[in-house]
Structure formats: structure tokens, C-alpha cells
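Here is a friendly walk through one protein chain, from its helices to a few of its loops. Have the model open and turn it as you read.

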Amino acid sequence: MACQSVAAVMDEQALLGLNPNADARYRQRAMVYFEQLKESHDAWEVCAEALAKGIYNDDHVKFFCFQVLEHQIKFRHAGLSAAQQQLIRETLMKWLQCQLMNAQPEKPFIRNKAAQVFALTFVMEYLTLWPKFFFDVLSLVGLNPHGVDIYLRTLMAIDAEVVDRDILHSPEVMWRVRPQETRRNTLIKDSMREQCIPSLVESWFQILQTYQLTHFELTCQCLEVVGAFVSWIDLNLIANDRFVNLLLSQMSVEALREEACDCLFEIVNKGMDPVDKTKLVESLSQVLQSAGFFNVEHEDDVDFLAKFSRLVNGMGQSLVLSWTKLVKTGNVKDAADTLQALEAKVPLLLKLLVHEDDDISANIVSFCYEYLHVLKQLPQLTDLQKTNIEAIMLAVMKKLTYDDEYNFENEGEDEAMFVEYRKQLKMLLDRLAQVSPELLLEAVRRVFNTTMQNWQSATFMEVEVAIRLLYMLGEALPASHGAHFTGDTAKTSALQDMMRTLVSCGVISYQHSSVSLEFFETVVRYEKFFVVEPQHIPNVLMAFLDQRGLRHNSPKVRSRVAYLFSRFIKTLHKHMNAFIEDILTRIQDLLELAPPENGFPVLLTSDDQLFMFETAGVLIVSSESPAERKQAMMRSLLSPLMDAFRLLLAKLLQETDEGRQVALADCLSHAVGFASRTSKAFSNKQTVKQCSCTEVYRDCLQTFLPALSCPVQRGVLRSSVRSFLHRMIICLEEEVLPFIPAASEHMLKDCEAKDLQEFIPLISQITAKFKRQVSPFLQQVFMPLVLAIFESLARPAEENDQTAALEKQMLRRSYFSFVQTVTGSGMNEVMANQGAENIERVVFTIIQGAVDFPDPIAQKTCFIILSKLVELWGGKDGMVGFPDFIYKNIVPACFLAPLKPTFDLSDAQTVLTLSECAITLKMIHLKRGPEFIQFLQQEYLPSLQVSPELSQELCQVLQQPDLKVLKNYIKAFFQRAKL
């Protein structure tokens with residue numbers, strides 16, 4: 001043996017470190033030893049000998065030895081000598097022989113690792129060095145239970161390596177190795193089919209037959225192997241009387257039935273000819289039925305039924321697939337037979353669908369969905385098919401119902417699973433609506449009306465699901481823009497009747513949160529109903545406003561109702577005029593800013609209050625009151641916020657405790673957010689000015705702006721005030737301008753990269769909206785802002801600080817975006833009046849951004865700016881000295897940027913950058929004419945070693961009027977240059 005030359009002595013001290021409880025010093029030594037053995041040319045052989053001779057009893061050492069062997073086979077097999085490769089084969093067979101004689105099997109984790117090593121060796125050597133792998137293994141193990149266990153585990157490991165589509169092999173080198181691996185795996189499977197699969201199948205049959213009553217674990221393992229291999233071997237080897245009868249007999253053994261079910265599922269799932277598939281499913285179906293498996297109502301084992309349901313689902317889906325293929329090929333007779341076989345499974349489908357265990361029901365949903373899809377394609381439905389549809393509807397309605405154990409106030413994993421299951425049922429309901437909308441509408445109407453007539457005596461589950469079904473019809477029977485109450489009279493009158501019943505039968509008083517939520521969700525889904533029947537609005541409004549809605553004892557209901565109420569008011573604002581003052585009075589306490597110190601529980605969270613303030617704003621703005629009244633109402637809404645803000649800001653300035661500072665800053669931020677949210681009520685038809693509310697919002701600005709100079713909790717306060725300013729720029733128009741200079745000055749003081757990044761969009765918004773009106777201000781703020789950005793970008797950061805690097809990248813982008821806004825807004829003077837030194841400094845940063853930073857988004861912006869500057873200053877009457885700058889800096893940038901290794905021409909964003917680069921070159925030619933062409937041909941392109949022919953070609957394209965031709969040429973030019 002090759003290992004004779006190596007003393008079979010392992011580093012015992014290092015081996016102590018393999019124990020999970022060993023101290024760190026020993027563990028470190030074990031790691032070092034492991035690396036030595038892995039990398040050594042032959043030191044690993046000591047592990048082979050240890051395994052072959054069974055030298056060590058310690059499980060961790062055995063596992064360690066297999067790991068070392070695994071590394072050799074996986075990564076160094078090709079470099080091993082023939083003797084070493086033979087050593088590995090002998091080691092594995094000797095170790096396997098030892099297993100046959102051991103009284104006790106190895107621990108599962110060692111057997112699994114051994115199986116992996118066997119499988120890897122098989123993959124490496126089966127096609128070349130070890131074609132008799134299975135013959136050798138089977139000859140050795142026979143029917144010895146310990147040997148059979150290793151054999152079966154090895155087969156599953158081979159499946160994972162060679163067949164399993166869910167496992168991505170070698171992900172780190174996937175893009176290189178995958179085609180070779182795929183070819184190798186195909187060759188292995190082809191060779192196995194030719195040489196050994198019949199022998200393997202025979203061995204499985206013998207194992208199943210021998211151990212089905214004495215060794216359940218081995219039998220289950222074998223069934224798993226059959227299920228794994230059946231997808232790619234000859235099905236006739238398995239789908240025959242001998243094998244299928246054996247599997248069916250195991251379906252009656254409690255310990256085996258689940259695995260036998262999974263095995264049958266894999267057999268049914270195998271891809272094959274549609275006629276053969278139908279025959280297979282039918283023969284299996286007949287045997288299962290005659291054996292009594294279809295009588296699921298007498299079966300108590302829910303785990304088995306979940307597997308059986310999955311099997312029936314697979315059988316059903318297989319029949320649907322066969323039918324689809326047969327219809328497509330025009331095989332009318334076989335398609336009709338398959339449809340008949342499909343219909344025959346529907347009674348079993350229904351039994352499983354309505355089963356009280358949701359897992360069993362969920363496993364059959366896909367078959368049910370696809371069966372309905374088949375019915376949808378049929379030109380006409382038979383009476384039996386209509387009966388089936390109604391039965392599925394009733395099943396879905398029953399299964400949508402909550403059970404007693406559902407915890408509404410503290411939803412956990414079980415509740416989340418039911419919510420997911422309900423989504424699957426909703427898909428069935430939607431599909432039912434596509435197959436037969438009339439039947440669905442009638443079925444829902446029947447259930448709904450029956451339940452609403454007796455809601456006082458019904459359980460909450462029955463009431464909730466009845467309303468839920470009405471809600472679900474809204475999506476199942478789609479209508480353009482929610483117009484459910486116009487058009488098709490049968491549908492509209494049915495929905496209208498149900499909505500009338502819902503809002504007038506008193507069910508909103510039902511004392512359960514699920515019913516309350518479903519009521520309000522449905523009312524808002526069908527809000528257009530109230531346009532048709534506005535007489536119901538007062539009752540529903542009261543429900544929203546009292547203990548049934550916004551004052552419900554469940555926080556979950558209150559929170560959701562706050563949102564739904566805002567939607568209800570927004571849609572029906574034209575019908576609210578008579579109730580506005582009353583609503584505002586009733587919700588007044590819900591609009592109070594909750595002070596941080598009182599500790600009392602609040603009815604609504606600050607997020608919920610945002611919806612309430614928006615609702616109040618909509619009511620005021622959309623009212624038919626005169627403008628003076630709207631102003632008074634808006635002032636009475638916002639004044640308490642302003643008063644509270646002043647008090648809280650004064651407290652914050654004096655507060656020293658950091659926890660209290662955070663609480664006060666949050667409260668101040670909420671106040672600003674609430675005021676900001678009211679402004680969403682305004683529109684082009686109802687502006688702030690038309691509603692005479694300008695003064696109110698100006699007062700808000702005056703109240704909130706001092707927070708910008710607050711020395712503590714700056715981030716929170718600046719962010720909220722900045723958001724308010726964004727809203728006011730939209731709402732107040734030029735009335736906001738007097739506040740901008742002071743606000744900008746405060747925001748530019750002591751600011752971080754993130755502050756600047758968030759401030760720039762504000763300035764850009766002002767620039768884009770007001771243009772020339774803000775030119776003096778922009779000229780004044782331009783350099784302070786630019787210098788603050790430069791300072792922030794120049795601050796040193798840790799080399800590996802990804803967050804800081806990303807912040808700088810985003811700030812750089814924001815800066816370039818700001819310069820683009822200024823240059824593109826037609827205010828040439830903003831930059832022109834900054835002085836030659838400052839202009840040069842700024843423009844150099846644009847050149848740097850175009851060339852030096854590998855960020856195509858920023859680079860694209862920089863080329864847009866450069867093109868604009870050439871347009872503004874590059875002509876005969878442009879800025880003095882700028883033409884010189886074009887030739888010295890802008891032209892080189894247009895060539896140096898695309899030539900950078902980081903400029904990836906296969907990336908779509910980079911190609912857009914290159915287009916802007918081409919536009920810049922075109923603009924230079926437009927402004928400088930023949931002089932530019934002469935510069936390129938005689939000076940610049942020769943300096944890049946561009947041949948005269950290529951140089952002339954580029955210049956000719958540049959002089960053509962078609963920009964698209966230039967863009968395509970430039971791309972090809974740089975692709976060639978980079979070869």
C-alpha cells in the first residue's frame with residue numbers, strides 16, 4: 001500500500017482540538033493541522049490508513065479524516081498518482097467492510113460524510129477508473145443493514161452531485177465550470193442507464209421487500225432513493241405490477257406510508273408522452289381507489305393525508321398537462337378520455353379541499369386551480385361541470401373561515417400561515433369568477449344574505465367570511481376604476497343590494513375586531529356605492545367616528561380605520577359638505593399632538609394621526625365654505641400645532657437628558673409632519689392662495705424655521721423642516737422665497753455629507769421652479785454650498801468604511817445634479833458671476849467627475865454639464881479663455897473617460913454616458929467649427945497614437961448632421977481602441 005512510507009501517526013495534540021468543547025488553543029492547532037494535511041502531497045495518507053484500519057474511536061477524528069479525504073478527491077484528484085487514487089478506493093472499501101462487521105452503526109453525521117466521499121469518488125472515477133463502482137459496493141454489502149444504509153446514503157449523495165436541479169454545484173466557478181459539469185453529469189447518467197440501472201433497481205426491490213416489516217428507516221431511505229432516481233431512469237423498471245404492488249402494500253404500513261406516497265408522487269411527476277401519462281395515472285388511481293385510499297373521511301393521520309393530498313395534486317396536474325398537450329395536437333379522442341379521467345378525480349379533490357386541516361387542503365389547491373383553467377377553455381359547460389364549480393365555490397367559502405384558535409391581537413406563525421393559505425383560496429375565487437361570474441355572484445349573494453339576516457346569532461367567523469366574500473368580489477369581478485355600480489345591471493343590482501344590506505342591517509355593531517375591519521375595508525372598496533345611494537353616508541360616518549371605528553378598543557382596528565377613513569373622505573369629499581364642521585369637532589381630540597411627557601396611552605399613533613390631519617385638510621379645502629371660513633378652519637387646525645411647537649422647542653433647548661431630547665425632537669418632528677400633511681389637500685383647482693390659507697402656512701414656516709438652528713437633535717429637526725419646505729415650495733409658490741435664504745444659511749452650518757445630500761434637492765427644486773426669480777439668491781448661495789460639498793468630500797474616512805464611501809458617492813452625484821440644474825435652467829449668470837478662480841475650480845471638478853470616478857451615473861451628468869457649458873460659453877461671444885479650456889480639458893475628457901479600464905462598454909448605464917460624451921464632442925464642433933477638426937487631426941489624436949486614417953474617419957463622422965451615426969461610431973471607435 002502507498003501509505004506504508006508514511007508513519008501512521010497523527011498529531012494527537014492537534015486532534016484534541018477537534019472536540020467542540022476544546023479550548024481555543026487546541027482548536028487553532030487542529031485548524032492548522034487540517035490545512036497541513038489538505039495541502040501536503042502525501043501526508044493525508046495517514047488519514048486514509050486511520051479510516052481503513054479503524055485506528056480511532058473518537059467520532060470527531062473519524063469525521064476529520066473523511067474531510068481530509070474529501071478535499072483530496074474534490075480539489076486534487078487529477079494530481080494524485082495512480083497508487084494514491086487506488087489507495088482512496090481501497091480505503092473506502094475497507095472502511096465499508098468494517099461497517100458490515102460492527103455491532104453498532106456509526107453516528108449519522110459520519111455516515112453522511114462517508115456517503116459524500118463515496119459519491120465524490122464515484123463522480124471522479126466512474127467513467128474512467130472505477131466503472132464497476134456499484135458492482136463492487138453491492139457485492140460487498142449484499143443485504144447487510146449497515147452496508148445497505150451506506151449504499152442508500154451514497155445514492156442520495158450521487159443524486160445531489162449529478163442529478164438534483166435544486167443544487168447549484170461549484171457556485172464560485174459556476175460561469176466557467178457549469179457546461180463541463182453538465183456534460184460530465186449527462187455522460188454519467190447515460191453510462192449508468194446502459195450499465196447498472198437495472199441492477200440498482202433490482203437491489204432497491206430486494207431492500208424494500210426484505211426490510212419493509214423489520215427495518216422501517218432503511219425502507220424509507222430506499223423509497224426516497226427510488227423517488228429521486230425515477231425522474232431520469234426508464235420508468236418501466238419501476239412502473240410495473242411487481243414494483244407498484246410493493247409500493248401500494250407499503251402505503252398500508254403506518255411507518256412507511258408517507259415515504260411511499262412521496263415515491264408514487266415522483267413516479268407520477270415523471271415527464272412522458274401524454275397518452276402514456278394518462279394511462280399511468282389511471283392505473284394508479286384504480287389501484288388506490290380499490291385499496292380504499294380515496295375514502296379520506298375515514299383517515300385520521302393528517303401527516304399522511306397531507307402527503308396523499310400532494311400525490312392526488314400531482315396526479316391531477318399530470319392529467320391537466322396531458323389534456324393540454326392532446327388538445328394542442330388535435331388528438332380529440334384521447335383528450336376527451338383524459339378530461340373524463342380528470343373529472344373523475346373531482347369528488348376526491350373536493351374531499352381534500354374541504355378537509356379541516358389547512359395543509360391537506362393547501363396541497364390540492366394547484367390541481368383545483370388548473371382544473372378550473374381547463375373549464376375556462378371549454379366552449380360550453382355540462383351540468384356536471386357546473387355542479388363541480390358550485391361545489392368548489394362552497395368549499396372555498398367554507399375554508400376561508402377563521403377557526404376559534406386564531407389570535408387576532410397577537411398574530412404568530414400559525415396566523416401568518418393561514419393568511420398565506422387565504423391568498424391561495426383567493427386565487428381560486430378569482431379563477432371561479434373567470435369561469436362563471438354569474439354562479440359566483442349568486443353563491444356569494446346567497447351566503448351573504450343568509451348570514452346578514454341572522455348576524456346577531458351567528459359566530460364571528462360566519463359574519464366575517466360573509467363580508468369578506470363581498471369584499472373579494474370587488475377583485476374577482478373587476479370594474480374599471482371601481483365602477484361596480486354602473487353597466488351590467490345583474491351584477492350592479494346584486495352588489496348594490498348587498499352593500500345596502502351591509503350598511504343598514506347593523507352588522508357594524510358586531511363585537512369582534514375581524515368583523516369591524518372587514519366592514520370598513522368593504523365600505524371603502526365599494527365607496528362608489530355612496531355616490532349612487534348617498535343617503536347611507538351619515539350612518540357610515542358615525543360608525544367611522546365612534547367606538548365602532550376610530551375609537552374601537554382594538555389598536556389594530558383604530559389604526560387601519562384611520563387610513564380607511566382618509567380614503568373614504570377623499571373619494572366622497574363632494575358629499576361631505578353638510579358634515580364637515582361636525583366631523584372636525586368629533587375628531588378634534590385625535591388631532592392633538594401627544595406630548596412626550598404625559599405617559600397616557602394614545603388612541604392613535606403618530607403615523608395614524610398623519611391620515612387624520614390629511615383628512616381634516618381635505619374636508620376644509622373641499623368644503624363649499626367661502627375662502628375666509630376655510631382660512632379660519634385651517635388656522636384652528638394648525639394653530640395648536642404651532643403653539644405646541646414653540647413650547648416644545650424652548651424645552652428642548654434647555655433639556656440636558658439625551659433620552660428626553662430624543663422624545664422632544666420626535667414630538668417636534670411629528671408637529672411639522674402633521675402640518676405638512678394637511679397641505680396634501682390642495683390641488684391645481686383648489687390652491688392655497690384660492691383658499692386664503694397662504695398666511696397660515698407662512699406662520700407655520702416662521703414657527704418651524706428656528707428649529708434649524710437648534711444645536712441638539714439636528715438630524716431629526718432638519719429633516720422634518722426640510723420636508724416641510726419641499727411641500728411649501730409646491731403650495732406657496734413665490735410666497736416661500738423670502739424664507740429660503742435664512743433656511744439655507746442654517747442648513748449649511750456644521751453639516752454632514754448626508755445633510756448636504758438631502759439639502760441639494762431642495763435648492764434644485766427651487767431652481768427648477770422659480771428660475772430667474774431666484775437668480776440673485778442662487779448667485780449668493782452657489783459657492784458657499786459648493787465649498788461645503790468640497791469640504792465634506794475632502795474629510796478623511798476609514799479605508800473599509802463602506803457607508804462613508806457610499807455617502808460620498810451619493811453626495812458627489814447630488815452635487816453634479818445640482819450643477820446640471822443650474823446650468824440647464826437658463827441662468828448663465830449664476831456660475832458666470834462666481835469669479836474666474838471659482839468657475840475654474842468648479843469646472844475642474846466636473847472634468848474630474850467625468851473622467852476619474854468610475855460611476856457612470858455621475859459621469860453621464862458631468863458630460864451633460866460640459867456639453868451645456870460649451871453651448872453657453874464656447875462660441876465666439878462666449879466667456880473669455882473658455883475655448884482654451886475646451887481644448888486643454890474638455891476634449892481630453894471625452895477620450896480619456898471611455899479609455900479607462902473601468903469604463904465598461906457592455907454596461908447599459910455606461911453606454912448612456914458614452915452617448916452624452918458624443919453629444920459633447922458634437923457641441924464642441926457646433927461651436928468651434930473647422931478649428932476643432934483641425935485641432936483633433938493635427939494635435940490631439942496624434943498624441944493618442946491614433947492613425948491618420950482613423951483620425952480622418954472620426955472627423956468625417958463628427959461633421960455629419962446625424963447624431964445617431966456619431967453615437968454608434970463612437971461606441972465602435974472605443975471598443976476597437978480597448979482591444
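Helices here are DSSP runs of at least four residues, numbered from the N terminus. With that in hand, you can place D404: it sits in the loop that runs between α20 (383-399) and α21 (413-435). Keep in mind throughout that you are looking at a predicted model.

Let us stay with that loop for a moment. D404 has a relative accessible area of 65%, and because anything over 50% counts as exposed, D404 is an exposed residue. D404 also has company: together with D403, E405, E413 and D414, D404 forms a negative surface patch.

Now travel to helix α3, which spans residues 45-53. How many of its nine residues are buried? The count is eight, so this helix is mostly covered, with buried meaning under 20% relative accessible area. The buried ones are E45, V46, C47, A48, E49, A50, L51 and A52. What covers them includes α2 (24-39), α4 (59-76) and α5. Just after α3 comes G54, with a positive phi near 60°.

One residue of α5 lets you see that covering from the other side. T91 belongs to helix α5 (residues 82-101), and its relative accessible area of 1% makes T91 buried. Setting aside neighbours within four places in sequence, T91 is in contact with A48, L51, A52 and L69. Of these contacts, A48, L51 and A52 are among the buried residues of α3.

Further along the chain, look for F885 in helix α42 (residues 882-899). Is F885 buried or exposed? With a relative accessible area of 11%, F885 is buried. Beyond residues up to four places away in sequence, F885 touches V843, F844, I847 and I890. For a sense of scale, L762 lies 123 residues from F885 along the chain, and their C-alpha atoms are 31 Å apart.

Finally, two loops deserve a look at the backbone. Most residues other than glycine have a negative phi. S692 is not a glycine, yet its phi is positive, about 55°. You will find S692 in the loop between α32 (658-678) and α33 (694-704), where S692 is partly exposed at 27% relative accessibility. K771 also has a positive phi without being glycine, in this case near 40°. K771 occupies the loop between α36 (753-770) and α37 (775-794), and at 39% relative accessibility K771 is partly exposed.

Terms used
Residues numbered from 1 in each chain as written. Predicted model: local features only at pLDDT ≥ 70, side-chain atom pairs only at ≥ 80, totals over all residues. Heavy atoms only, no water. Patch = residues over 30% accessible without salt bridge, like charges linked within 9 Å, V, L, I, M, F, W, Y side chains within 5 Å. Areas by Shrake-Rupley, 256 points an atom, 1.4 Å probe, with all protein chains shown as cover. Salt bridge = Lys/Arg side-chain N within 4 Å of Asp/Glu carboxyl O. Lys, Arg positive; Asp, Glu negative; His and termini not counted. Charge placed at Lys NZ, Arg CZ, Asp CG, Glu CD. Buried < 20%, exposed > 50% of the residue type's maximum accessible area, 1.4 Å probe, protein only. Contact = heavy atoms within 4.5 Å.
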